[in-house]
Amino acid sequence: GVENTAYSSFEEIPWYGEWIDIIVFEDYIYPISTVNWFSDFRNCRQIDVTKLDTSDVSNMTNMFNGISHPSIALRRLDGSIEILRKYSYEDYLNRMC
């Protein structure tokens with residue numbers, strides 16, 4: 001369905017909570033704003049956005065603030081992998097100060 005609510009803080013989002021560790025959209029959803037949708041989901045291990053259509057979204061501010069971001073790695077020609085940067089929740093907190 002169409003989601004037309006723009007939340008001003010992550011605490012207002014109906015599904016907000018640290019107890020959420022996996023997010024899956026069972027039906028297609030067509031939001032016009034995804035502000036703060038997944039903010040501070042520090043325990044989230046997986047977000048499946050396959051059925052999240054963001055083509056009409058005009059604002060994605062803080063959509064993924066505070067969740068784990070993938071590491072940056074370098075794969076060498078010999079197949080070895082070097083982790084260049086690994087992000088943590090503390091990195092997020094330090095950016096907010």
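This report describes a predicted model of one protein chain, from its overall fold down to selected residues.

**Overall picture**

The protein chain has 97 residues, and buried residues make up 29% of them. Its secondary structure comes to one helix and six strands. Along the sequence the elements run β-β-β-β-β-β-α. The accessible surface is about 6,700 Å². Carbon and sulfur atoms account for 52% of that surface. Contacts also reach across the sequence. Of those in the protein chain between residues at least 6 apart, 55% join residues at least 24 apart.

**Confidence**

Mean pLDDT for the protein chain is 81. A value of 70 or more is reached by 88% of the residues. Among the elements, β6 has the highest mean, at 92. Strand β1, residues 2–3, has the lowest, at 61. Where pLDDT is low, the predicted coordinates should not be read in detail.

**The β5–β6 hairpin**

Strand β5 covers residues 72–75, and strand β6 covers residues 81–85. The two pair in the antiparallel sense, over four bridges. Ala73 has Ile83 in β6 as its bridge partner. Arg75 is matched in β6 by Ile81. Five residues lie between the strands of this hairpin. One residue of the hairpin, Gly79, takes a positive phi near 95°.

A salt bridge joins Arg76 and Glu82. Their closest N and O atoms are 2.2 Å apart. The count for the model comes to one salt bridge. How accessible are the partners, Arg76 and Glu82? Arg76 has a relative accessible area of 40%, so it is partly exposed. Glu82 is partly exposed too, because its relative accessible area is 33%. Both values lie between the 20% limit for buried and the 50% limit for exposed.

**The loop between β3 and β4**

Strand β3 spans residues 30–31 and β4 spans 46–48. The loop between them holds Ser33, Asn36 and Arg42.

Ser33 is buried, because its relative accessibility is 6%, under the 20% cut-off. A polar atom of the Ser33 side chain lies 3.4 Å from the backbone nitrogen of Val35. Leaving aside neighbours within four places in sequence, Ser33 is in contact with Thr5, Ala6, Val57 and Asn59.

Asn36 is buried as well, with a relative accessible area of 5%. Its backbone has a positive phi, near 65°, in a residue other than glycine.

Arg42 has a relative accessibility of 32%, so it counts as partly exposed. Which distance separates Arg42 and Phe64 in space? They are 10.0 Å apart, C-alpha to C-alpha. In sequence, 22 residues separate Arg42 from Phe64.

**Asn62 and its surroundings**

Asn62 sits in the loop between β4 and β5. Like Asn36, Asn62 has a positive phi in a residue other than glycine, here near 60°. Is Asn62 buried or partly exposed? Asn62 is partly exposed, because its relative accessible area is 32%.

Not counting residues up to four places away in sequence, Asn62 touches Asn36 and Ser39. Asn36 belongs to the loop between β3 and β4, so the contact of Asn62 with Asn36 links that loop to the loop between β4 and β5. The C-alpha atoms of Asn62 and Phe38 are separated by 7.9 Å. Asn62 and Phe38 are 24 residues apart along the chain.

**Accessibility of the residues discussed**

The table sets out the residues by place in the sequence.

| Residue | Relative accessible area | Class |
|---|---|---|
| Ser33 | 6% | buried |
| Asn36 | 5% | buried |
| Arg42 | 32% | partly exposed |
| Asn62 | 32% | partly exposed |
| Arg76 | 40% | partly exposed |
| Glu82 | 33% | partly exposed |

Technical notes: Residues are numbered from 1 along each chain as its sequence is written. This is a predicted model: local features need pLDDT of at least 70, side-chain atom pairs count only at pLDDT 80 or more; totals for chains, interfaces and linings use all residues. Side-chain values use heavy atoms; hydrogens and water are left out. Two strands pair if DSSP finds at least two bridges between them. pLDDT is the predictor's confidence in each residue, from 0 to 100. Buried means under 20% relative accessible area, exposed over 50%, partly exposed in between (1.4 Å probe, protein chains only). A salt bridge is a side-chain nitrogen of Lys or Arg within 4 Å of a carboxyl oxygen of Asp or Glu. Contact means heavy atoms within 4.5 Å. Accessible areas come from the Shrake-Rupley method with a 1.4 Å probe; for residues, only the protein chains shown count as cover. A polar contact is a pair of N or O atoms within 3.5 Å; within protein, one must be able to donate a hydrogen and the other to accept it, and residues adjacent in sequence count only if both atoms are side-chain atoms.
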